Amino acid sequence: MGRVLATRAKNETRETGALKKTTPRALGRGDRLFKSVATAAGSTIVVAVVLVAVFLLVRAIPSLRADHANFFTSAEFNTGSEGNLAFGIRDLLMVTLLSSATALMLAVPVAVGIAVFLTQYAPASLSRPFGAIVDLLAAVPSIIFGLWGIFVLAPQLEPVAAFLNHRLGWLFLFKPGNVSLAGGGTIFTAAVVLSVMILPIITSVSREVFRQTPRMQKEAAQALGATKWEVVRMTVLPYGRSGVIAASMLGLGRALGETVAVLIILRAAARPGHWSLFDGGYTFASKIASAASEFSEPLPTGAYISAGFALFVLTFVVNAAARAIAGGKVNG
């Protein structure tokens, strides 16, 4: 028995020695390989984004040089012929910002409320199916939202729009717009539909962030006599603040780039808008989509690519601002 144990110990010693000799080299090779693969994977998205930006800029420059209007301040968007280009993004920027910002203001409080309810109040038997139903909204195609918005939601919103026009018309956001309220093709209708579309994105991310709140923090607040709402207010919401901001920016990115639903709902404006929620018009994405079938000549096509590049830059600015705000909140 002693001989067997001695032999086994000797073999284990040899194996351990061999492992000590081979492991550092093998691990070093594996680490280098994994680092190379991870670096390549991370660089791919950066290279793709840079290539997209370069493509848009190269195709936009000739049209920008041939533009007879101010690209940033003109409300005109005339691309009828190559020799008479006159286009600007003023109204496109206005409609895009108004619809997206309004959608965000409508969606964030509701999404945070749903996330708090599902993570802090609802029992597990209700939280899981209810959360799944909310997440299913993200699977609904944009065209369905657009048709629902213009044929079902818009008539229901007409009395609300008329009330806001009558009571708050002194404020520029609620002044009577340049399209009829009866048709529902306004920025206000588009914003409500967009808020429903981005709701599952914000809710899902916020829900996961709130679930990560350390149990010790909540128990400490309860030990001090805090009510359920005070626990949520003092621990859950501060802990998940940066996550909610990140979720909101994801939703804003979806709203900025939404095309089909907005194209179905919004009606072309007869005159330039005045920053009213009851105006019509085009967003960047819907304007480009509306003329996609006419992309045949280089310079007129480049005008729409210029608008696309402006939207590309806008999304980067929004995300950079969100990261700065979230970083400041975390450090604070």
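This report describes the nonpolar cores, the salt bridges and two helix residues of one protein structure, which is a predicted model.

**Nonpolar cores**

The largest nonpolar core holds 55 residues, and within this core the residues that touch the most other members are Phe188, Ile198, Ile202 and Phe284. Two or more residues are given to this core by each of the elements H2, helix H4 (142-168), helix H5 (187-211), helix H8 (241-257), helix H9 (260-265) and helix H11 (298-331). The surroundings of Phe284 can be listed in detail: leaving aside residues up to four places away in sequence, Phe284 touches Ile89, Leu92, Leu93 and Thr96, and also Ala307, Ala310, Leu311 and Leu314. Separate from the largest core there is a second core of 7 residues, and among them are Val112, Val116, Phe210 and Val236.

**Salt bridges**

Side chains of opposite charge can pair when their charged atoms come close. In this model there are 4 salt bridges, and the table gives some of them, with the distance between the N and O atoms.

| Acidic residue | Basic residue | N to O distance |
|---|---|---|
| Asp135 | Arg207 | 3.0 Å |
| Glu208 | Arg211 | 3.1 Å |
| Glu258 | Arg254 | 3.3 Å |

Asp135 and Arg207 form a salt bridge. Because Asp135 belongs to helix H3 (residues 124-136) and Arg207 to helix H5, this pair ties together parts that are 72 residues apart in sequence. As for their surroundings, Asp135 is partly exposed, its relative accessible area being 29%, whereas Arg207 has a relative accessibility of 7% and therefore counts as buried.

The pair Glu208 and Arg211 lies within helix H5, where the two residues are 3 residues apart, about one turn of the helix. Glu208 is partly exposed, with a relative accessible area of 36%, and Arg211 likewise counts as partly exposed, at 41% relative accessibility.

In the pair Arg254 and Glu258, whose side chains meet in a salt bridge, Arg254 counts as partly exposed at 25% relative accessibility, while Glu258 is buried, with a relative accessible area of 5%.

**Thr119 in helix H2**

Is Thr119, a residue of helix H2 (residues 90-121), buried or exposed? Its relative accessibility is 18%, and because buried means under 20%, Thr119 counts as buried. The side chain of Thr119 makes a polar contact, at 3.3 Å, with the side chain of Gln120. When residues up to four places away in sequence are not counted, Thr119 touches Arg207, Phe210 and Arg211. These neighbours link Thr119 to features already described, since Arg207 pairs with Asp135, Phe210 is included in the second core, and Arg211 pairs with Glu208.

**Ser206 in helix H5**

Which residues does Ser206 touch, not counting residues up to four places away in sequence? They are Ala115, Val244 and Ala247. Ser206 itself lies in helix H5 and counts as buried, at 0% relative accessibility. A polar atom of the Ser206 side chain lies 2.8 Å from the backbone oxygen of Ile202, and Ile202 is one of the residues that touch the most other members of the largest nonpolar core.

How values were computed
Residues are numbered from 1 along each chain as its sequence is written. This is a predicted model: local features need pLDDT of at least 70, side-chain atom pairs count only at pLDDT 80 or more; totals for chains, interfaces and linings use all residues. Side-chain values use heavy atoms; hydrogens and water are left out. Buried means under 20% relative accessible area, exposed over 50%, partly exposed in between (1.4 Å probe, protein chains only). A polar contact is a pair of N or O atoms within 3.5 Å; within protein, one must be able to donate a hydrogen and the other to accept it, and residues adjacent in sequence count only if both atoms are side-chain atoms. Contact means heavy atoms within 4.5 Å. A nonpolar core is a set of buried Ala, Val, Leu, Ile, Met, Phe, Trp, Tyr and Cys residues joined through side-chain atoms within 4.5 Å. Helices (H or I, at least four residues) and strands (E, at least two) are DSSP runs, numbered from the N terminus.
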